[in-house]
Amino acid sequence: MSEAELVLRSTRVITPEGTRAACVAVSAGKIAAVLPYDASVGNARVEDLGDDVLLPGLVDTHVHVNDPGRTEWEGFWTATRAAAAGGITTLVDMPLNSLPPTTTVDNLRVKRQVAADKAHIDVGFWGGALPDNVKDLRPLHEAGVFGFKAFLSPSGVDEFPHLDQERLARSLAEIASFGGLLIVHAEDPHHLAAAPQRSGPRYADFLASRPRDAEDTAIAQLIAQAKRLDARVHVLHLSSSDAVPLIAAAKAEGVHVTAETCPHYLTLTAEEVPDGASEFKCCPPIRESANQDLLWQALADGTIDCVVTDHSPSTADLKTDDFSTAWGGISGLQLSLAAVWTEARRRGHGLEEVVRWMSSRTAELVGLSATKGAIDAGRDADFAVLAPDETFTVDPAALQHRNRVTAYAGKTLYGVVKSTWLRGERVVVNGEFTEPKGRLLTRTP
C-alpha cells in the first residue's frame, strides 16, 4: 500500500465480482488495487464514504454537445458539467448537431480544439457517415473516432443527410473493411412518409406519425446488410419493442449487432405525456407502457445491451406546443442515473445491473474496457459516489444543462450523486465543481 496516494473506503463498492465492502487504492490516476475493507492503507489519504455506494463512473456513448456552431443549444462546458453532476465520467459526442459536423478529419480537428479546455470529464467523438463522404471514413477512423453514425431517415438538420439503402451498403462495406463500427438511427423513411402527419399539440398524433413499423423495417434492413457484409452495427435509441425479436434472432445467428435504449423510453410513457408538452418529444418517440415493459425485459435478458441518454437539447423557444414542428430531443445527462435507478429498483433490478447497462457495456461498445467501466485494478480511477436510497425532486433550475428544459420536472427520483471522481480527482462534490480536468479520448487499435 505504500505506493497508493488515495484510498476510497465504502461498505458498498460495485466491482466486477459483485458488491462488497472494500478499500479502493488509487495511484497516478489509476486503480492500484481493490482491497478488503479493513486493509492497512499506510500513508494514503483516506476518503471514508460510509454506506454510500462507490460505482465506476458512467460512460455515456450518445450525447449531442452541439459545439461548435449551435452553442446556444449546449456546449462542452455545460454538457460535461451536467454529466459530472450525474455521475458520468466519459461521454462520446455525436457528429451532429454541431457546425461543422464531424464528417471529415478537418472538422474533427475543429471540434477537438473547441473541446480541449472545456471538458470537465473525458470526451471522445463519433464520426458521421453521409451520402458523399465514403472517402473520409477511413481517415476519420485513423484519426481516432470511435465509429460512425448514420441516419436512415432525415436527421432534422440539412448538413447531415441520411443514407438510402444503396449508400448505406457502400458506407458499411467501407467501414467493415477496416473493422469499424456503424451506429444507426433506424427509422424507415417510406414508413414515416406513409404515416398520418397532423400538426398541433396532441401527443397521440405525434406518436402516430412515428410508427413502430418504421423502426422495425429499418432495423431488419440494417441487420440484413450487416449479415451480408459481416459488418459491425449498433442500433441507436431503440424505442419499438416489436424490433426486439429481430435483434435477438440476429444475435443468435452470429450477426455483429448490438442495441441501446434510453432512460426516457424506460421511465416515461406515452400515456403520461400532456398535450403540448414538447419537452417529451424525441425521435423515435416515447411509446406506451406495455411497450416499455418489453424493453425492460429485453434489457434484463441482454437483447438490449446498454442504456445511454441521447442527450439532445435545444433552446427553449424551439420546444413549441406543436409536436409536429417542435425540436425533437430530450436533455437527460444529469438525471439519467437517477431516472434509470428509480425505475430499475421499482422493477426489482439492482445497482449492479444499472452499472452493467450504463458503464461496463457502454465502455465495451467503444473499446474502452481496458480503462473505463469497472472498479478493477489497472482501470482509470473514475468513480461516482451514490446515495441510492436518498430522493430528490427535479428542479429545472438546479440542472447544469445550458437550457434547463426537462421532461422530468417535478418528478421525485431515487439516487443522489454525492461526488464524481476522474482519475482519482474529485470533479464535483455536492454541486461544487473544480476546473475542467477532462481529456480528449481517441479509439485505441
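Q: Given that a salt bridge is a side-chain nitrogen of Lys or Arg within 4 Å of a carboxyl oxygen of Asp or Glu, what makes Asp93 and Lys111 such a pair?
A: The closest N and O atoms of Asp93 and Lys111 are 2.7 Å apart, which meets the limit of within 4 Å. Asp93 lies in strand β7 (residues 88-93) and Lys111 in helix α2 (residues 105-115), so the salt bridge ties together parts that are 18 residues apart in sequence. The model is predicted, with local features requiring pLDDT of at least 70 and side-chain atom pairs pLDDT 80 or more, whereas totals for chains, interfaces and linings use all residues. Residues are numbered from 1 along each chain as its sequence is written, and side-chain values use heavy atoms, leaving out hydrogens and water.

Q: Why is Asp93 called buried or exposed, and why Lys111?
A: Buried means under 20% relative accessible area, exposed over 50% and partly exposed in between, with a 1.4 Å probe and protein chains only. Asp93, at 0%, therefore counts as buried, and Lys111, at 1%, is buried as well.

Q: How do you know that Arg423 and Asp122 form a salt bridge, and which parts of the chain does the pair link?
A: Their closest N and O atoms are 2.6 Å apart. The pair links distant parts of the chain, 301 residues apart, with Arg423 in the loop between β16 (412-422) and β17 (425-429) and Asp122 in strand β8 (residues 122-125). Both Arg423 and Asp122 are buried.

Q: What makes Asp242 and Arg212 a salt bridge, and why are the two residues called partly exposed?
A: The closest N and O atoms of Asp242 and Arg212 are 3.2 Å apart. Asp242 lies in the loop between β12 and α8 and Arg212 in helix α7, so this pair ties together parts that are 30 residues apart in sequence. Asp242 has a relative accessible area of 38% and is therefore partly exposed, as is Arg212 at 24%.

Q: Why are helices α7 and α8 called roughly parallel?
A: The axes of α7 (residues 212-229) and α8 (residues 244-253) come within 10 Å and cross at roughly 10 degrees. That angle makes α7 roughly parallel to α8, since angles under 35 degrees count as roughly parallel, over 145 as roughly antiparallel, 65 to 115 as roughly perpendicular and the rest as oblique.

Q: What makes β12 and β13 a pair of strands?
A: Strands pair if DSSP finds at least two bridges between them, and three bridges join β12 (residues 232-235) to β13 (residues 257-261), which run parallel. The bridge partner of Val233 in β13 is Val257.

Definitions and conventions:
Helix = DSSP H or I, 4+ residues; strand = E, 2+ residues; numbered from the N terminus. Axes fitted to C-alpha atoms, helices over the stretch in contact; angles between N-to-C directions.
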